[in-house]
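Student: I would like to go through this chain with short questions. Please give the reasoning before each result.

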Amino acid sequence: MPDRDVERNCSPESFVETLRRLADAIERGETFRIQVAGARFGVPRDAALSIEHEVSGDEEELELQLRWRR
């Protein structure tokens, strides 16, 4: 897959559904499958998990991050 950096906005309902599917996959030790902006891929069960909080001026950002190598 070539380099890419996309962000997908979603409704609260869609966000919650995705988080639930992700949490279930992590708990079961399974690959998490998702499609973002037309690209379908799987996040392996051994992906590194982290939570990031960023503050810049009057904006804050919270990221739940999963990182792995292909």
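Student: How far apart are the mean positions of the positive and negative charges of the chain?

Tutor: This is a predicted model, in which local features need pLDDT of at least 70, side-chain atom pairs count only at pLDDT 80 or more, and totals for chains, interfaces and linings use all residues. Residues are numbered from 1 along each chain as its sequence is written, and side-chain values use heavy atoms, with hydrogens and water left out. Lys and Arg count as positive and Asp and Glu as negative, while His and the chain ends are not counted; each charge is placed at NZ of Lys, CZ of Arg, CG of Asp or CD of Glu. With 11 positive and 16 negative charges in the chain, the two mean positions are separated by 12 Å.

Student: Which residues gather in the patch of negative charge on the surface?

Tutor: A patch takes residues with over 30% relative accessible area and no salt bridge, joining like charges within 9 Å and nonpolar side chains (Val, Leu, Ile, Met, Phe, Trp, Tyr) within 5 Å. A salt bridge is a side-chain nitrogen of Lys or Arg within 4 Å of a carboxyl oxygen of Asp or Glu. Accessible areas come from the Shrake-Rupley method with a 1.4 Å probe, and for residues only the protein chains shown count as cover. The negative patch consists of D5, E7, E54, D58, E59 and E61.

Student: Is D5 buried or exposed?

Tutor: D5 lies in the segment before α1 (12-28). Buried means under 20% relative accessible area, exposed over 50%, and partly exposed in between (1.4 Å probe, protein chains only). Because its relative accessibility is 76%, D5 counts as exposed.

Student: In what order do the elements of the chain run?

Tutor: Helices (H or I, at least four residues) and strands (E, at least two) are DSSP runs, numbered from the N terminus. The chain has one helix and four strands. From the N terminus, their order is α-β-β-β-β.

Student: Which elements give two or more residues to the nonpolar patch?

Tutor: The nonpolar surface patch is formed by F15, L19, I51, L62 and L64, with about 530 Å² of accessible area together. Two or more of these residues come from each of α1 and β4 (59-67).

Student: What is the relative accessible area of F15?

Tutor: F15 belongs to helix α1. F15 is classed as partly exposed because its relative accessible area is 45%.

Student: What share of the residues in the chain is buried?

Tutor: The chain has 70 residues. Of these, the buried ones make up 13%.
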